Amino acid sequence: MQYTLPLVPFDRMASLHRRLLAVFGPPAEFVRLDPVSQMVLAMLSARTRSEAALNVFARLVEHFEVAKLRGSWTRLAEASFHEVDPLLEGITHPERKAVALPRALQEIASLSGGLDLGFLHGWSVDDALSWLERIYGVGPKTSTATLNMSTLRKRVLVVDTAHWRAARCLGLVPEQASPERSVRLLNRQLPDLWEASDTEEHHILMQDLGRAFCARNRNASCPFANVCAGKAAHRRTRLLEEWLRDAPPAEALPGAGAKMSQISPLKENIAILNQGAASVPPPAQGAPASAASC
């Protein structure tokens, strides 16, 4: 039997991305943090709502005088558990993060010769991920956020819990895939032409979908209900790729164009934080101490 191949390859993720843009509107622009600050914020936000993580991040910046020290997190690296733990009220697993944050910063300083990750700018994504994920408390979500959403602007897809839920509902990853495995699976599906800005935008759109519908079981009103593979969904009527090829253009949700960057309240401090990031020579790529993933 002879099969006819399409002349123009169909890219499922690129088509899904266009549909998400039509439904949610383009994400808001935001001011980027230096890589170490972004790593701290990503560690705080693990299993935690963004608003709560940003509040705690701002509290740490103030308490440890990070802006006054021109972006240096040295005081947090030197802090004891008993000093850090009370500052983390409002996020999940504060006792774990009170241990992980200073230790991760200590390991970065020990391995790179300073509290700076600017040297990763010239590294490949794979090498940079491997280096970061050896740091205590840094898992795939934190490492990808550090590379993509900071001033490093690396082409890699961040996958948080909301994004992971949406990916499972759409069948982009197997339902039994863990968040950590899903990071790898989804990054293998990236369109070849996508750049760092595209992966960042796609993450935010999938996050919107996961938060608005997948986490709340609002399947009846979900614009992707026909292709939802979630347990709580009505019977699935179409496969994602078929639906993306054949469905009419999606309609925007109310308020899709009105967005405000969640990091905007920190804008006054961002420029000061980023001033402290100085280039350092790439460290030897030896294995640091054993790591625990967020």
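1. A word on terms before we look at the loops: a residue counts as buried under 20% relative accessible area, as exposed over 50%, and as partly exposed in between. With that in hand, take Arg153, which sits in the loop between α8 and α9. Its relative accessibility is 42%, so Arg153 counts as partly exposed. Please bear in mind throughout that this is a predicted model.

2. Arg153 deserves a look for its backbone too: its phi is positive, about 50°, although the residue is not a glycine. As background, most residues other than glycine have a negative phi. Arg47 raises a similar point, with a positive phi of about 60° and, again, no glycine at that position. Arg47 belongs to the loop between α2 and α3 (50–63). Is Arg47 buried, exposed or partly exposed? It has 47% relative accessibility and therefore counts as partly exposed. If you are going through the loops by eye, these two arginines are what I would show you.

3. Now the overall picture. The protein chain has 13 helices and zero strands, so your walk along the sequence is a run of α elements, following the pattern α-α-α-α-α-α-α-α-α-α-α-α-α. Buried residues account for 48% of the 294 residues in the protein chain. As for sequence range, take the contacts between residues at least 6 apart in sequence: 72% of them join residues at least 24 apart.

4. Helix α2 (residues 35–45) is a good place to start on packing, with helix α6 (residues 94–112) as its first partner in this note. Their axes come within 11 Å and cross at roughly 155°. The two helices are therefore roughly antiparallel to each other, and α2 passes α6 in a right-handed crossing. On the α2 side the contact uses Val36, Met39, Val40, Met43 and Leu44, and they meet Lys97, Ala100, Leu101, Ala104, Leu105 and Ile108 of α6. By class, this contact has ten nonpolar residues, no polar ones and one charged. A general reminder may help in reading such residue lists: an α-helix has 3.6 residues a turn, so residues three or four places apart point the same way.

5. Helix α2 also packs against α8, at an angle of about 145° and with the axes 8 Å apart. This crossing is right-handed as well. Here α2 brings Pro35, Gln38, Met39, Ala42, Met43 and Ser45, while α8 brings Lys141, Thr142, Ala145 and Thr146. The residues divide into five nonpolar, four polar and one charged. You may like to pick out Met39 and Met43 on screen, since they appear in the contacts of α2 with both α6 and α8.

6. How do α9 and α11 meet? The axes of α9 and helix α11 (residues 196–214) come within 7 Å and cross at roughly 80°, and the pair is therefore roughly perpendicular. From α9, the residues in contact are Ala162, His163, Arg165, Ala166, Ala167, Cys169 and Leu170; from α11, they are His202, His203, Met206, Gln207, Leu209, Gly210, Arg211 and Cys214. That makes eight nonpolar, five polar and two charged residues.

7. Cys169 and Cys214 both figure in that contact, which brings us to the cysteines. How many disulfides does the structure hold? Zero. Why does Cys214 not form one? The closest cysteine sulfur, in Cys169, is 3.8 Å from its own, too far for a bond, because the cut-off for a disulfide is 2.5 Å. Cys214 is buried, at 15% relative accessible area. Cys228 is in no disulfide either, and its nearest cysteine sulfur, again that of Cys169, is 4.1 Å away. With a relative accessible area of 7%, Cys228 is buried.

8. In helix α10 (residues 179–187), the buried residues are Pro179, Ser182, Val183, Leu185 and Leu186. What covers them? The cover includes α1 (12–24), α8 (140–148) and α9 (161–170). So α8, already named as a partner of α2, appears here as well.

9. One last small item concerns Ala58, found in helix α3. Its relative accessible area is 29%, and Ala58 is therefore partly exposed. From C-alpha to C-alpha, Ala58 and Leu41 are 9.5 Å apart in space, with their positions 17 residues apart in sequence numbering.

Terms used
Residues are numbered from 1 along each chain as its sequence is written. This is a predicted model: local features need pLDDT of at least 70, side-chain atom pairs count only at pLDDT 80 or more; totals for chains, interfaces and linings use all residues. Side-chain values use heavy atoms; hydrogens and water are left out. Axes are lines fitted to C-alpha atoms, for helices over the stretch in contact, and angles run from 0 to 180 degrees between N-to-C directions. Helices (H or I, at least four residues) and strands (E, at least two) are DSSP runs, numbered from the N terminus. Angles under 35 degrees count as roughly parallel, over 145 as roughly antiparallel, 65 to 115 as roughly perpendicular and the rest as oblique. A crossing is left-handed if the near helix is turned anticlockwise from the far one by less than a right angle, and right-handed if clockwise. Contact means heavy atoms within 4.5 Å. Ala, Val, Leu, Ile, Met, Phe, Trp, Tyr, Cys and Pro count as nonpolar, Asp, Glu, Lys and Arg as charged, and the others, Gly among them, as polar. Buried means under 20% relative accessible area, exposed over 50%, partly exposed in between (1.4 Å probe, protein chains only).
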